[in-house]
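Here are my notes on this one, as numbered points. Have the structure open while you read; I start with a cross-chain contact and work outwards to the DNA.

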2 protein chains.
Amino acid sequence: MSINYKDIKSEILTRITKGDLPPGALVPNEVELAESYGCARATVNRAMRELTDEGILERRRKAGTRVRMAPLREARFSIPVVREEIEGQAASYGYTLLNRQILHAPDWLRERLKLVVGDDVLHLTCLHRADNAPYQLEDRWINLARFPQAAGVDFAASGPNEWLISTVPFSDVEMSFGAAAATAAQANYLGCTTGDALFEAERSTWWEGRAVTFVRLTYPPGYRMTTRY
Amino acid sequence: MSINYKDIKSEILTRITKGDLPPGALVPNEVELAESYGCARATVNRAMRELTDEGILERRRKAGTRVRMAPLREARFSIPVVREEIEGQAASYGYTLLNRQILHAPDWLRERLKLVVGDDVLHLTCLHRADNAPYQLEDRWINLARFPQAAGVDFAASGPNEWLISTVPFSDVEMSFGAAAATAAQANYLGCTTGDALFEAERSTWWEGRAVTFVRLTYPPGYRMTTRY
DNA sequence: CTCGTCATTATGTCTGGACATAATAGTTGC
DNA sequence: GCAACTATTATGTCCAGACATAATGACGAG
């Protein structure tokens, strides 16, 4: 029953929360800690490295390890595939493709995705339902200049989300959340009133410096996106 | 110039995105990989462990390592202290305490924070401004049964956020985002019209199983919370 | 055929050593 | 006093080996 890197993590964490190691304080160096815990430096190193990844500590070569001034608290949350999200709530999943067309990228999209004039995009509008009630309105734009094969896929049966996830890689993502008043079209599909406050999530995805897709997800009034950590 | 665990990570990642290792595929075991890369198993282990943490792989003892079916797409973002967020945009930060009172926790709060009937809470309402324009309306509730010292702090000069961060530890957090129509009071403080669509973030915090604080942050129309990864 | 037992296997972690690298602090030259 | 070098120091990474642990799959008893 020897010392575990997890024990060291929680021991250090206790010292911090007890005020023994206030924000900004210098944590003993790895060699000293290893000696005092009676373990190898690698073990201490792992504990400290993870605490650093978690935003609790701050490390600089030669300068040493310090407790972060304002502990960088990171919210993480997974963005599930809608279908899984709905089925996870023991509700039945429904999907409808509302609209599909190929067109030149509009100006605002060109700017967002850094596209070139004349690039074609596939524009899809889909509605996802949970137990038959509108759950999410998906406004999807796929860069055909990058993924021409998307033009040949039939999105009538399953959403572009699922196709993209299994076939298109990505490396850079920008997400943003906000609120907007429902347009007449949105209100119609989501079963609410024009002007209602809707929660909106947008995601842009790139691969090797080139745009893959942009999507705007809109939810009915009252929807909340929740995460725990 | 030997092999780095980062090289292994990106090599595996390339194999995945190239379709060489499709979702669900079994990745060679650590011993084999170590041999083929000509490095120690510990190095391969670290690469695989990090890819697992990042949601790319899935590992089970004896069963081996597999590429995740639906790569767990995680948005991570740090929740900055408002002041730092504003000053980071090269804007001047302004703060006003609008309201402060001690009262019994209302029912909805008791339920949310799992409080006991009769527990006192400190209720604060504050406005944060960027270049004098309303930036964030903070509706803060602090559990006095847990942190009685909060009652003695003067929040006139700086926000409860900063005090909490530097003095109160927490271990469990639940965050949620949504949209809501502006109430008359919110519209007044945020300089918008009643009924406008506002972006709302809520955060509940616990430490050692007991509630620390609950806060609801409301932003003026048009605000977007953005993250990159 | 089903249930429990046990060997096998891949990952999880630790050791004690090594060299690499970044950043500081001290020293030297101007 | 200032700038450029240099030694020192703490972290970053690696290695080769070891034992721990969880989960599977095969085997045997009922």
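1. Start at A:Glu200, whose side chain makes a polar contact with the side chain of B:Arg224 at 3.1 Å. By polar contact I mean a pair of N or O atoms within 3.5 Å; within protein, one must be able to donate a hydrogen and the other to accept it, and residues adjacent in sequence count only if both atoms are side-chain atoms. A:Glu200 sits in strand S9 of chain A and is buried, at 8% relative accessibility. Buried is under 20% relative accessible area, exposed is over 50%, and partly exposed is in between (1.4 Å probe, protein chains only). Helices (H or I, at least four residues) and strands (E, at least two) are DSSP runs, numbered from the N terminus.

2. Before going on, the ground rules: this is a predicted model, where local features need pLDDT of at least 70 and side-chain atom pairs count only at pLDDT 80 or more, while totals for chains, interfaces and linings use all residues. Residues are numbered from 1 along each chain as its sequence is written, chains are lettered from A and ligands numbered from 1 in the order in which they are written, and side-chain values use heavy atoms, with hydrogens and water left out.

3. What else does A:Glu200 contact, leaving aside neighbours within four places in sequence? Contact here means heavy atoms within 4.5 Å, and the partners include A:Ser176, A:Phe177, A:Arg216 and A:Thr218, as well as B:Arg224.

4. B:Arg224 also forms a salt bridge with A:Glu202, the closest N and O atoms being 3.9 Å apart. That pair crosses between chains, from strand S11 (residues 224-228) of chain B to strand S9 of chain A. The rule is a side-chain nitrogen of Lys or Arg within 4 Å of a carboxyl oxygen of Asp or Glu. A:Glu202 is buried at 5% relative accessibility, whereas B:Arg224 is partly exposed at 27%.

5. Over all chains, the salt bridge count comes to 28. One in chain B joins the side chains of B:Arg83 and B:Glu162 (2.9 Å, N to O). It links helix H4 to helix H6 (residues 160-167), with the two residues 79 apart. Back at the chain crossing, salt bridges that share partners join A:Arg112, A:Asp139, A:Glu200, A:Glu202, A:Arg216 and B:Arg224 into one network.

6. On to packing. The largest nonpolar core has 34 residues, and those with the most contacts inside it are A:Tyr135, A:Phe177, A:Phe199, B:Tyr135, B:Phe177 and B:Phe199. A core is a set of buried Ala, Val, Leu, Ile, Met, Phe, Trp, Tyr and Cys residues joined through side-chain atoms within 4.5 Å. Elements giving two or more residues to this core include strands S8 (172-181) and S9 (197-207) of both chain A and chain B. Apart from it lies another core, of 18 residues, among them A:Leu33, A:Ala34, A:Leu51 and A:Leu57.

7. Now DNA strand C: 23 residues surround it, the closest being A:Asn4, A:Tyr5, A:Thr43, B:Arg41 and B:Arg59. A residue is near a strand if one of its heavy atoms lies within 4 Å of it. Sugar and phosphate account for 70% of the strand C atoms that come within 4 Å of the protein. A polar side-chain atom of A:Thr43 is 2.5 Å from a phosphate oxygen of this strand, and for the side chain of A:Asn4 the corresponding phosphate distance is 2.8 Å. H3(A) gives the most to this surface, with four residues.

8. DNA strand D has 21 residues around it. Of its atoms within 4 Å of the protein, 72% belong to sugar or phosphate and the rest to bases. On the phosphate side, the side chain of B:Arg60 has an N or O atom 2.8 Å from a phosphate oxygen. For a base contact, look at B:Arg61: a polar side-chain atom lies 3.0 Å from a base oxygen of strand D.

9. One backbone item to check: B:Lys62 has a positive phi of about 70° although it is not a glycine. Most residues other than glycine have a negative phi. B:Lys62 is in the loop between strand S2 (57-60) and strand S3 (64-67) of chain B, and is exposed at 87% relative accessible area. An N or O atom in the B:Lys62 side chain is 3.4 Å from a sugar or linking oxygen of DNA strand C.
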